[in-house]
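Here is a short tour of one structure, written for someone new to reading protein models. Keep the picture open while you read.

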Amino acid sequence: MSKKEDLKNTRDAILSLSRGKSLNGSPVFDLWIYRNGQITYNGIENVEKTGIHNTYIPLDIVKKIKDYVSNISPLETGDTKGRDNPLTILKYNNRKIVFQSSKTKGDLQELNALLEKIASSI
């Protein structure tokens, strides 16, 4: 299966997370989460698994993700200046949040920690 075939339905994801490059060699990856618990992960650089991988998470984790998303406040993103830490782009419900994980707080911090744990377990 080609990369295009693996990624063709990412627009149906309820949430996507893209972790960018940084000066300190942080993991670079994309993660899509779907309503049915399916996850598509694309490991790009500085990760254990590179390329496209598909797996599933329990539906209660999907619900927890939705709960975090619905409670995120713009005040939780923190400052995005500096290149030492990677920028992360979170997209959901036609919203886009750009942040550095080390500067987040509240529900965004909890959501990011959960998504990082999911990504590192693939």
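Setting aside neighbours up to four places away in sequence, Asn-93 is in contact with Ile-14 and Val-69. This is a predicted model, so treat what follows as a reading of that prediction. You'll find Asn-93 in the loop between β5 and β6. Is Asn-93 buried or exposed? Asn-93 is exposed, since its relative accessible area is 60% and the cut-off for exposed is over 50%. For a sense of distance, pick out Asp-79: it sits 14 residues from Asn-93 along the chain, and the two C-alpha atoms are separated by 23 Å.

Now for the backbone. Most residues other than glycine have a negative phi. Asn-93 has a positive phi of about 45°, although it is not a glycine. Asn-46 also has a positive value, with phi near 60°. Asn-46 belongs to the loop between β3 and β4 (51–56), and at 42% relative accessibility it counts as partly exposed.

Next up is Lys-21, in the loop between β1 (15–19) and β2 (28–33). Which residues does Lys-21 contact, leaving aside neighbours within four places in sequence? They are Val-28, Glu-45 and Pro-86. Along the chain, Lys-21 and Leu-87 are 66 residues apart, yet in space their C-alpha atoms are 7.4 Å apart.

Here is how the four residues picked out in this report score for accessibility:

| Residue | Relative accessible area | Class |
|---|---|---|
| Lys-21 | 59% | exposed |
| Asn-46 | 42% | partly exposed |
| Asn-93 | 60% | exposed |
| Asn-112 | 5% | buried |

That last row takes us to helix α3, where Asn-112 is found. With a relative accessible area of 5%, Asn-112 counts as buried because the cut-off is under 20%. Not counting residues up to four places away in sequence, Asn-112 touches Leu-17, Arg-19, Thr-88, Phe-99 and Ser-101.

Let's look at the helix as a whole. α3 has 15 residues, and at 1.5 Å a residue they should span 21 Å. The end C-alpha atoms of α3 are 21 Å apart, so that agrees. Which residues of α3 are buried? Leu-108, Leu-111, Asn-112, Leu-114, Leu-115, Ile-118 and Ala-119 are. Look down the axis of α3 and these buried residues fall within an arc of 165°, so they line one face of the helix. On the other side of α3, Lys-117 and Ser-120 are exposed. What do the buried residues of α3 pack against? Their partners are β1, β2, β3 (38–45), α2 (59–71), β5 (87–92) and β6 (95–100).

Helix α3 also matters for the last stop, the pockets. The largest pocket has a volume of about 170 Å³. Helix α3 (residues 106–120) gives the most to its lining, with three residues. The full lining is made up of Arg-19, Pro-27, Phe-29, Tyr-41, Val-47, Glu-48, Lys-49, Glu-116, Ala-119, Ser-120 and Ile-122. How do the residues of this lining divide? Six are nonpolar, one is polar and four are charged.

Some names come up twice. Ala-119 is in the pocket lining and is also one of the buried residues of α3. Ser-120 is in the lining too, but Ser-120 is exposed, on the other side of α3. Arg-19 is another lining residue, and Asn-112 touches Arg-19.

Methods: Residues are numbered from 1 along each chain as its sequence is written. This is a predicted model: local features need pLDDT of at least 70, side-chain atom pairs count only at pLDDT 80 or more; totals for chains, interfaces and linings use all residues. Side-chain values use heavy atoms; hydrogens and water are left out. Helices (H or I, at least four residues) and strands (E, at least two) are DSSP runs, numbered from the N terminus. Buried means under 20% relative accessible area, exposed over 50%, partly exposed in between (1.4 Å probe, protein chains only). Contact means heavy atoms within 4.5 Å. On a 1 Å grid over the protein atoms alone, a cavity is a set of points where a 1.4 Å probe fits but cannot get out, and a pocket is an open set with protein on both sides within 12 Å along at least five of seven lines; lining residues have an atom within 4 Å of a point. Grid points are joined across faces, edges and corners, and a volume is the space filled by probe spheres set on the points. Ala, Val, Leu, Ile, Met, Phe, Trp, Tyr, Cys and Pro count as nonpolar, Asp, Glu, Lys and Arg as charged, and the others, Gly among them, as polar. The expected span of a helix is 1.5 Å times one less than its number of residues. The arc is that of the directions from the helix axis to the C-beta atoms.
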